[in-house]
Amino acid sequence: MRKSMLFLLVLLGLALPGAQGRQIPRCEMVKILRRNGFEGFEGTTVADWMCLVKYESDYNTKAYNNNGPSRDYGIFQINSKYWCNDGRTSGSVNGCRISCSKLQDDNINDDIQCAKKIAREAHGLSPWYGWKNHCRGKNLSSFVRGC
């Protein structure tokens with residue numbers, strides 16, 4: 001019985017990472033954001049973006065969240081009502097002109113472009129509830145410390 005249970009756990013462990021997406025390590029994410037010009041972008045810091053990503057997706061590229069009639073996708077949790085097309089959200093604006101499924105792959109370059117468009121249009125990070133509820137007005141230096 002123990003061997004079969006162990007075998008099952010090993011199989012589950014091998015299957016889960018692909019289904020759950022890539023969780024980008026903290027310092028790697030800091031480097032990605034710095035390299036892509038997030039420091040000072042629309043009055044934000046890399047620490048702001050790191051906190052946003054932590055609370056929106058926990059650094060997971062395949063994260064999603066149902067919001068009733070719409071859904072949030074990817075590492076930045078980009079919404080299907082306004083920014084991407086998932087083929088199921090009625091009245092989708094698709095402001096980033098992208099399929100929501102592209103926001104759930106491990107290549108986050110298109111996610112970055114869309115997130116920057118959202119922040120540019122909003123003049124900051126106010127569209128993201130994770131940032132508003134957990135990050136705004138707080139000392140966020142721990143998100144970038146050591147990186």
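**Helix 3 and an annotated span**

Visitor: What follows helix 3, and near what value is its phi?
Guide: This is a predicted model, where local features need pLDDT of at least 70, side-chain atom pairs count only at pLDDT 80 or more, and totals for chains, interfaces and linings use all residues. Residues are numbered from 1 along each chain as its sequence is written, and side-chain values use heavy atoms, leaving out hydrogens and water. Helix 3 (helices being DSSP runs of H or I, at least four residues, and strands runs of E, at least two, numbered from the N terminus) is followed by Asp58. The phi of Asp58 is positive, near 55 degrees.

Visitor: How far does helix 3 reach from its first C-alpha to its last?
Guide: Helix 3 takes in residues 46–57, 12 residues in total. The expected span (1.5 Å times one less than the number of residues) comes to 16 Å. Close to that, helix 3 reaches 16 Å.

Visitor: Why is helix 3 largely enclosed, and which helices are included in its cover?
Guide: Because 10 of its 12 residues are buried (under 20% relative accessible area with a 1.4 Å probe, protein chains only), helix 3 is largely enclosed by the rest of the structure. Among the buried ones are Trp49, Met50, Cys51 and Leu52. Their cover, by contact (heavy atoms within 4.5 Å), includes helix 2 (26–35), helix 4 (109–122) and helix 5.

Visitor: How far apart are the end C-alpha atoms of residues 96–114?
Guide: An unreviewed UniProt entry annotates residues 96–114 as "domain: Glycosyl hydrolases family 22 (GH22)", though such annotations may be inferred rather than shown by experiment. The span is 32% helix and 0% strand, and its end C-alpha atoms lie apart by 6 Å.

Key
Buried means under 20% relative accessible area, exposed over 50%, partly exposed in between (1.4 Å probe, protein chains only).
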